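This report describes the surroundings of a bound ligand and the aromatic pairing in a protein model. The sequence and structure are shown first.

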Amino acid sequence: MIAPQTIDDLPTPAILVDEERLERNILGMQRACDAAGVELRPHIKTHKLVPVAARQLAAGARGLTCAKLGEAEAMLASGAREVFVAHSLVDPRQARRVARLADSLDDFRVAATGAEQTLALEKLAEKAGRKLPVMMAVDTGLGREGVRDAAGAERLASLIARCAHLELRGFYTHEGWFYGAPFSADDARLEAMLESLCAIRDTIDPGLPLWPGCSVTAHAIAARSAGRVRAVRPGAYVFGDLALSLVTGVMCPDAIALHVLATVVDKPAPGLALIDAGSKTFSSDRTPSGLFALPADGRDIAVSRVNEEHGYASGAGADALRVGERVAFVPAHVCTVVNLADEVMVVRRHEIAARWRVDARGRSQ
Ligand SMILES: Cc1ncc(COP(=O)(O)O)c(C=O)c1O
């Protein structure tokens, strides 16, 4: 088989990564962090790609954040020396993998997310035969893992202090509740969140670092950190999606570095075109208004319904589409799109510059 030379040679659906925009997004976030004296520890769950992690590190990222051990294992090849697994580890069956990661890295950190979880983590660390640095999770509004207030933090900190194989080294939050609505850098809820994180941390130890993390807030947090935040852990900023552009408005549409190239395969009714990308390409994630994807060129169609292998493109521009026409789409949520793909095509203008296998695809264990 002859390797595709240009976008026109690709079978669809295909995941296109614009190399120039990717590089600009990586450098833009790194510069913002550097200017503010904040470390960048990007979450790799978005790209799951060793070459992207390596570029983030080369640009100056201090370390990586992962959700799962499998992701952390896959990212060792990036040359990362510091990895934080920001998830509730509880399974003693993972002891050998934890020990191997701890031995392979200069700093391998895990998360203390609740009392029962911390006791399970202590058993896991004991079985691994390692003392693990832990970051305490603080829930700042997502309603997911983490202590809810200073009293909860004090209780969890004293439990961690009683665990021979754990050592409290800081606090983290994922302020993902800023998704879903337009965001402005002077949103009063951001300052309130930072103050509350500081207050919680100060009841335990004012010297411990704070690591918030989310692509909606990362630039604003770096800019207003004033020494309060040690690191940020955004993920989706490398590629961008409708959540960051259309919904929250923190990213310009022309900064979006990942597109789904799809083909119009049928026009079964007026105002409707079917494309060859459905939930097995876009995932089932949508914007709050119910969109799975919008065309990158701004034409007046939207993918507002999917089956597994079909996307329903409707809107005023649908009738003008031709069967066989190829359209590049911006997905609602990029992280779940990449996880469904075997490989991404790295595009330099119209040319295929490289094909990257998605190294940590499906590494959910
Ligand atoms: C714990 C944690 N940290 C960081 C992130 C990165 O967030 P984003 O993709 O908004 O940059 C996430 C996203 O789900 C997360 O769950």
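## Ligand shell

In this predicted model, the shell around the ligand is made up of five nonpolar, five polar and three charged residues. In total, 13 residues surround the ligand, and the closest are Lys 45, Tyr 179, Ser 215, Arg 233 and Gly 235. The site occupied by the ligand is the largest pocket.

## Polar contacts and burial

Two side chains place an N or O atom at a short listed distance from a ligand oxygen: for Lys 45 the separation is 3.3 Å, and for His 174 it is 3.4 Å. Gly 235 takes part through its backbone, where an N or O atom is 2.5 Å from an oxygen atom of the ligand.

With these contacts in place, the protein buries 91% of the 390 Å² that the ligand exposes when taken alone.

## Aromatic pairs

Across the whole structure, a search finds five aromatic pairs. A pair of aromatic rings is described by two quantities, the distance of the centres and the angle of the planes. One of the pairs joins Phe 84 and Tyr 172: the ring centres are 4.9 Å apart and the planes stand at 80°. Because an angle over 60 degrees counts as edge-to-face, the pair of Phe 84 and Tyr 172 is assigned to that class.

The two rings belong to separate strands, with Phe 84 in β4 (residues 82-85) and Tyr 172 in β7 (residues 166-173). The pair therefore ties together parts that are 88 residues apart in sequence.

Key:
Residues numbered from 1 in each chain as written. Predicted model: local features only at pLDDT ≥ 70, side-chain atom pairs only at ≥ 80, totals over all residues. Heavy atoms only, no water. Near = heavy atom within 4 Å. Polar contact = N/O pair within 3.5 Å; in protein donor to acceptor, adjacent residues only side chain to side chain. Areas by Shrake-Rupley, 256 points an atom, 1.4 Å probe, with all protein chains shown as cover. 1 Å grid on protein atoms, 1.4 Å probe; cavity = no way out; pocket = protein on both sides within 12 Å on 5 of 7 lines; lining within 4 Å. Sits in = over half its atoms within 2 Å of the grid points. Nonpolar A, V, L, I, M, F, W, Y, C, P; charged D, E, K, R; others polar. Phe/Tyr/Trp six-rings, centres within 6.5 Å; stacked < 30°, edge-to-face > 60°. Helix = DSSP H or I, 4+ residues; strand = E, 2+ residues; numbered from the N terminus.
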